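Reader: Please take me through one part of this model closely. Start with a single residue, then set it in the wider fold.

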Amino acid sequence: MSYITILFYYINHRKHLTYSPKIFSFLRTFSLSLFIHSSLKFLFFSRQAKGRVNASLSRRNLLSIQEKDQCQTGNPIDDCWRCDPNWANNRQRLADCAIGFGQGTLGGRGGQIYVVTDSSDHNPANPTPGTLRYAVIQDQPLWIIFSSDMVIKLKHELIFNSYKTIDGRGANVHITGNGCITLQHVTHIIIHNIHVHHCKPSGNANIASSPTHVGQRGESDGDGISISGSQKIWIDHCSLSYCTDGLIDAILGSTAITISNNHFTHHNEVMLLGHNDKYVLDSGMQVTIAFNHFGVGLVQRMPRCRRGYIHVVNNDFTAWEMYAIGGSANPTINSQGNRYTAPADDNAKEVTKRVDTNEGEWADWNWRTDEDILVNGAFFVPSGAGLSEQYSKASSVEPRSARLITELTMNAGVFGDPRDDSGGISNPGFSGAGTSTVTPTTGTQGTGASGGTDGDYFGMIFGSGSSLPRPPTSISLIFLSLLIILALSTITNNGALLSFPLLSLFK
């Protein structure tokens, strides 16, 4: 615009100058044409920028609708809370999302938020404030979260008091070491979104179980999570592997348990439900096993049941080496909407196993398969008369179609962890395995402005990822300018079409 300013200056002060009429006519016409050309160019880019902003707003509105739809997976637990953009400010709403026999488990709901800031476990008899052990032994309800990613290597078993939630969302939390998690004679426990692995037997030590009680403990078995004489227990979205005994064991009259959305890998005896065949109090045990992924490296007990009523619903059994579901002492097993994929071994195609029992005895046990998908030669051996009263005690949630198993279990385990059949799953809003980059409700991984996230208007408007029309080239702008000059010259010379001043200069 500086050239236009100079030209207008000379035109407006022409009385002080000596000039040729042709030169003046040319300068006047040329300056006006430059002004109009610049104005048109400004209007073009302004319109283009406005169009891109409008396009961004439209895409944002569309994405918000699509993201809301995408976060709805059909998994009733995840759909209950993950679509809330303020989940991190309303963590305790998770307690409303339990299903199955563990529904109504409160955990630390109504209690204070306790933030674990110290991953150490130096003194199990007198735990340090800020540690996980200090939190779980308190008498009052607590909702326990973590200040950062951490590996908590336990010195001895971690004994819980009642009304506690471990909420690992937003951090990558590993619990490992000696003893691991013990739930003994407690109620209302939620364990959510943590890794539990490489747990070993330990004991013969003084360990605190409350702020006022320290007791001598014998040796633990090395379970990942041991549930004994407890009820209202919900274990959700955990990844469990490589423990000495079971990954999850529930014994000695435990009941009202839901084990959901977990990922089990690399273990022999995965899950035991029931103390022994003669322990009558386990006859009332009710356990829901739902939306879990039983993955690579598993051998048996998914679960192994003694007595009780077990609802196995909408799980994905990738493979096993011996069997998937086993039992003794007449448990009722209700298998609905699962996918069982048998191993290559022709001698291990059967899903079921009656342990140390002859057929004459187990023929009356109520074990059924209902709308399960059996893959790679897998077969389920049912038994019993199918008494509705018995199965009603082993029914806890309406099963979804087994054709939806991939969608229902796609986020099993800790959010962000890889699945067996893929390099990894990027899940929104959680550090998990370090793959997430966006806020909790987006449903897609952040990729920057050129990738279409619409996070920054300026980056989008001037970025390289746009598909909007390109600005006009220099040749087209010059041609447009000449047309403007020609029109102005025609008007200035009262319709004398051949009195174009620029051409006159070359005569």
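Reader: Where does Ser210 lie, and is Ser210 buried or exposed?

Author: A caveat comes before the details. This is a predicted model. Ser210 lies in strand β10, which covers residues 205–210. Ser210 has a relative accessibility of 11%. The cut-off for buried is under 20%, so Ser210 counts as buried.

Next, its surroundings. A polar atom of the Ser210 side chain lies 3.1 Å from the backbone nitrogen of His213. Neighbours within four places in sequence aside, Ser210 is in contact with Ile137, Asp139 and Asn161.

Now the whole chain. The protein chain has 507 residues, and 49% of them count as buried. It holds 10 helices and 31 strands. Take the contacts with a separation of 6 or more: residues 24 or more positions apart account for 63% of them. The exposed area of the protein chain is about 23500 Å². Carbon and sulfur atoms supply 55% of that area.

One sheet deserves a look as well. It is an open sheet of 8 strands with parallel pairing. The order runs β4-β7-β12-β15-β19-β23-β26-β29. At the edges stand β4 (158–159) and β29 (352–354). Each has a single partner strand, so one side of each is left without a neighbour in the sheet. At the β29 end, β29 pairs with strand β26 (residues 325–328) in the parallel sense, over 3 bridges. There, Gly326 stands opposite Lys353 in β29.

Technical notes: Residues numbered from 1 in each chain as written. Predicted model: local features only at pLDDT ≥ 70, side-chain atom pairs only at ≥ 80, totals over all residues. Heavy atoms only, no water. Helix = DSSP H or I, 4+ residues; strand = E, 2+ residues; numbered from the N terminus. Buried < 20%, exposed > 50% of the residue type's maximum accessible area, 1.4 Å probe, protein only. Polar contact = N/O pair within 3.5 Å; in protein donor to acceptor, adjacent residues only side chain to side chain. Contact = heavy atoms within 4.5 Å. Areas by Shrake-Rupley, 256 points an atom, 1.4 Å probe, with all protein chains shown as cover. Pairing = 2+ DSSP bridges.
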